Amino acid sequence: MVRNYISNILLWLILVVAIIWTLIPVIWMISLSFKPYGEWRTPSLLPQKPTLDNYIMLFWPKSASVFIAYTALLEPITDSLIRSLIVSVLATLIAVIIGFFTAYGASRYNSPGPFTLFFTLLTRMLPPATFVTPIVIYYTTLNLLDNIIGLVLLYSATTVTYAIWILKGFIDAIPVEWEEAALIEGAKPLQVIFRVVIPLARPGLVVSGLFVFLMSWTELLFALVLTRINITLPVQISMYVTAVGALWGVQAAAALLGSLIPMIVGYLIQRHLITGFTFGLVRG
Amino acid sequence: MSNKIILRLENITKRFGSVVAVDNISFDVYRGELFTLLGPSGCGKTTTLRIIAGLESPDAGKVYIDNVDVTEKPARERDVCLVFQEYAVFPHMSVFDNIAFGLKIRRLSKQDIKKKVMEVADLLELSDHLNTKGGRLGLSEQQKVAIARCLVVEPKILLLDEPLTLADARVRERMRRELKKLQKDLGITMIYVTHDQLEALMLSDRMAVMRSGKLIQLGSPEEIYDNPNELFIATFVGSPTINLLEGVLDIEKDQLILTTDARKYVIGRHINTAIYQHLTGSEVILGFRPEDVKISLDGTIEGVIKFIEVAGDKKIVHVKIDDHEIRLLADLLDPFVEGQNVKININMSKLHIFDKKTGRKILKR
């Protein structure tokens, strides 16, 4: 009994430490976003004089009189927010659709062959920085620099690998008898995919979609190199640390705003994430 | 081709890599019968079924359904339906949608779909479950849904792939009865795959026994049980299993003698020597079913009762004869005890004689 008690306490201690370790930066970010300029470098957890100045600076930089020295530098965050949304949603759609059909072929027909499939993963094992130069050269030739279409193409191309591998796992788990049953009932191959495979692989589509969305949403390196005016949210966030000085509070506010969207998306789809594995099927 | 024949397989061969799963088999299935493919696992029976369904294409041979060559046709154009071993009820659809699936694909009107689904659901007592999701059904409901889904599209042939293996013994018995009744009531042609010989014997109008991709015997359950043409079938079909004695046959006076490693046994007295004359000196395996052996005072072979098992109104008596053990059926009330010295008699009219080398039956009755 006593041993049980002690191990319980230990477990709780570890959990509490882990939670604090993960959440402190987030809490700090929230707190920082409400602190006025003078408090940015103070260690207090709660703002002494909470203010919305940082948020005003995000959306209406020209009217944020407090940060008058910087206003000329910065655009309102809304443009980059919308751009990021467009880029991430499009990249997600493209990567998941291509990923699904590739994964289906790989799972059912072993179609690109095991090596090709592994090769797609291999390209992801290199640091992204190694691709920067060739991509810049390509994009210059193709006139895709500073163009969000360029980012969409790049993000969907780099994330499709993950979509393929995640979805292949989900499709592998769907017994082929369900597809055969549909075929026998008179369905054509595409009908089988849309009526049987896609509904059953839905949790996989959701998981891979979320994954691709987050990767595109948070991507900084390529966006920084490939865009100048048509920047995305991560680039915008990075720009609050300027040559003139660092706007820590404004950056925290922007980061908070930037994490809100994935949180909302995650909340909306959590139902699918949980019900994903409860088909209730017992095999064999 | 006669109008009686609904399905004809002609020299069907199917290989998977170097393995010949189905080896040049041909048979006909008649309209309205329950036809069983019986064989141990890996004998090619499921592959044969999948070839009929159109889920596999044969490497050679032809499939005819209703006088039409469907060998090259996809499953959806064959007018057959398959109930899978694990039922393959769509887990994300309600029972109603599961049953309606084929009708929706065929673009029937909403009213027609509803009417047909209700009819079939009524027939299979699924009306209470129509809104349940497929993934939440018990096994016997899943089976019913799988069958209902097939019946509703009114296929020419209903194929069933070991549909009862998942159920436990008691449920299986009930499902088997219901299946047979359904088949008779609707007059539908069914092809049924199983590895359970008892199931095959009880269900079939006719059955085919397969081994290693080959069809080795086709006939009524009575014929298969009573007149197996290979040693394999004799041992595979029937429970308790058939008794086997290995040795060289001989005739002395009017007695049939079997010489084994251990000694000579008198298998039968007062035989018609003309029938057995050509078998003298050949190495054979004798087969005789437990119900065709009797303990009697004038028995020809001596032995000791090793142990007795009660099986319902019969008991299975295990008699040790030298190194061999013979199983025989006795009435429950027969006064035999373990350790008793007995003599046994084999019913000569039910004796099967197989060639030791080939396993083929060498004496046709």
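Here is a friendly walk through the structure, with most of the attention on chain B.

Before looking at details, keep in mind that this is a predicted model. For the complex, the predictor reports an ipTM of 0.83 and a pTM of 0.81. Within chain B, the average pLDDT is 91, and 99% of the residues score at least 70. That score is worth checking as you go, because predicted coordinates should not be read in detail where pLDDT is low.

A good way to find your bearings is to split chain B into its domains. Domain 1 covers residues 5–236, and domain 2 covers residues 243–355. If you take the centres of these two domains of chain B over their C-alpha atoms, 40 Å lie between them.

Let's begin with a pair of helices. Helix 2 of chain B spans residues 95–105, and its packing partner, helix 4 of chain B, spans residues 139–151. Their axes are 7 Å apart and meet at an angle of about 30°. Since angles under 35 degrees count as roughly parallel, helix 2 of chain B is therefore roughly parallel to helix 4 of chain B. The crossing of these two helices of chain B is right-handed. To see which residues bring them together, look on helix 2 of chain B for Val95(B), Asn98(B), Ile99(B), Phe101(B) and Gly102(B). Across from them, helix 4 of chain B contributes Val145(B), Ala148(B) and Arg149(B).

Helix 2 of chain B also turns up where the two chains touch. Chain A and chain B each put 20 residues into this contact. On the chain B side, strand 6 (80–83) and helix 2 are the elements that give two or more residues. The largest share there comes from helix 2 of chain B, with three residues.

Now move along chain B to a sheet. Five strands of chain B make up this open sheet, in the order 13-12-11-14-20, with antiparallel pairing. As a reminder, strands of a sheet pair through backbone hydrogen bonds, either parallel or antiparallel. At the edges sit strand 13 (264–268) and strand 20 (352–355) of chain B, each pairing on one side only. Going from one strand to the next, the twist averages 45°.

How many bridges join strand 14 of chain B to strand 20 of chain B? There are four, linking residues 283–288 of strand 14 to strand 20 in an antiparallel arrangement. For a specific pair to pick out on screen, try Leu286(B), whose bridge partner in strand 20 of chain B is Ile353(B).

Notes: Residues numbered from 1 in each chain as written. Chains lettered and ligands numbered in written order. Predicted model: local features only at pLDDT ≥ 70, side-chain atom pairs only at ≥ 80, totals over all residues. Pairing = 2+ DSSP bridges. Axes fitted to C-alpha atoms, helices over the stretch in contact; angles between N-to-C directions. pLDDT = per-residue confidence, 0-100. Domains from an automatic or database assignment. Parallel < 35°, antiparallel > 145°, perpendicular 65-115°, else oblique. Left-handed = near helix turned anticlockwise from the far one by under 90°. Contact = placed C-beta atoms within 7 Å.
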